[in-house]
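Thanks for coming, everyone. I'll keep this brief. Please have a look at the sequence and the model on the screen.

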Amino acid sequence: MTSILLMLLLSVIRTQCVSPVPSCPASCVVCSEDALICHRLTNIIDAPGTTQAMLLTEGSISTVQPSSLSDLSNITVIGLSHNHISELGEKPFRNLPFLNTLLLDHNLLTSQALQGGALTNLTRLEVLALGQNLISMIQGVWFEGNKALRSLKLEGNLLTSLDSGSFPLNDLRDLESLDLSDNLIYHLHRNTFGRLWSLQTLDLSRNRLSSAPAEAFSYLSWLTNLNLDLNSWNCSCQLLELAAFLSNFIQQPDKTLYNGRRMVCVSADNPAVTTVWS
């Protein structure tokens, strides 16, 4: 997010040196040949082909079509957060070769809206924000070809189960941060994160996990930050392997288990056991 803020600062500075775009609505706080920052729009407005950053937030935009963005060959940041987007046209971001950051959080996107390949083959994309939508399941094919992706945010959706096909087999090898917090996840497959070899930060807090296979995390050799708090843990014998993994994880100086003491047992075979690990 630091890179986004720096880009915005640069954009504001540039507005002092370039002429504004005449057609910009009054709600645009930045409107130049390099950047657009606007609020409360009903649709994606035309922007110059020189535009590098476009942030259209807190509006009622409902759809993103290829024609809306097709001329923005220089764009690196698109922010459409806090709108009403429920529909993505056929590959609306496909002709944006320098797109680095795509923010679609706080919209009305469903799993069905993502099935048409709208998010595939974004070869330079590093940050993808899909949090606070209505996504109930994910499939690895949605993210194929996104080999530069470093951060994927899916917090605050309606996800319930993650299996071995939830993430692509080979295309997210450089993913470093994955946020799955504030969902309804009750099931993890032991190979859910199997090919996310570079993963460093994983957030599964505030879900409905009662158990989880230790193998889901143990082969993530670069994992340094793990958050599993505020789930519905059943501290039975089935959870012993996970408890052993977490105990070993927390003892390593470069590892952090966030709010480990909040991994409270909702139920337990032994009443003396109150947390998943101790």
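One definition before we start. Buried means under 20% relative accessible area, exposed means over 50%, and partly exposed lies in between. Keep in mind that this is a predicted model.

Let's use that definition right away. Is D182 buried, exposed or partly exposed? Its relative accessibility is 34%, so D182 counts as partly exposed. D182 sits in the loop between strand 11 and strand 12, residues 187–188. Look at its backbone too. Phi of D182 is positive, about 55°, although D182 is not a glycine.

There is another residue to note here. E58 also has a positive phi, near 55°, and E58 is not a glycine either. Where is E58? In the loop between strand 3, residues 53–57, and strand 4, residues 63–64.

Now the sheet. It is an open sheet of 11 strands, with mixed pairing. Reading across, the order is 1-2-3-5-7-8-9-11-13-14-16. Which strands stand at the edges? Strand 1, residues 28–31, and strand 16, residues 256–258. Each has a single partner strand, so one side of each is left without a neighbour in the sheet. On average, neighbouring strands of this sheet are turned by 5° against each other, direction ignored.

Let's zoom in on one pair. Strand 9 covers residues 151–153, and strand 11 covers residues 177–179. The two run parallel, joined by 3 bridges. Which residue is the bridge partner of K153 in strand 11? That's D179.

And strand 11 takes us back to D182, in the loop between strand 11 and strand 12. That's my tour. Over to you.

How values were computed
Residues numbered from 1 in each chain as written. Predicted model: local features only at pLDDT ≥ 70, side-chain atom pairs only at ≥ 80, totals over all residues. Heavy atoms only, no water. Pairing = 2+ DSSP bridges. Helix = DSSP H or I, 4+ residues; strand = E, 2+ residues; numbered from the N terminus. Axes fitted to C-alpha atoms, helices over the stretch in contact; angles between N-to-C directions. Buried < 20%, exposed > 50% of the residue type's maximum accessible area, 1.4 Å probe, protein only.
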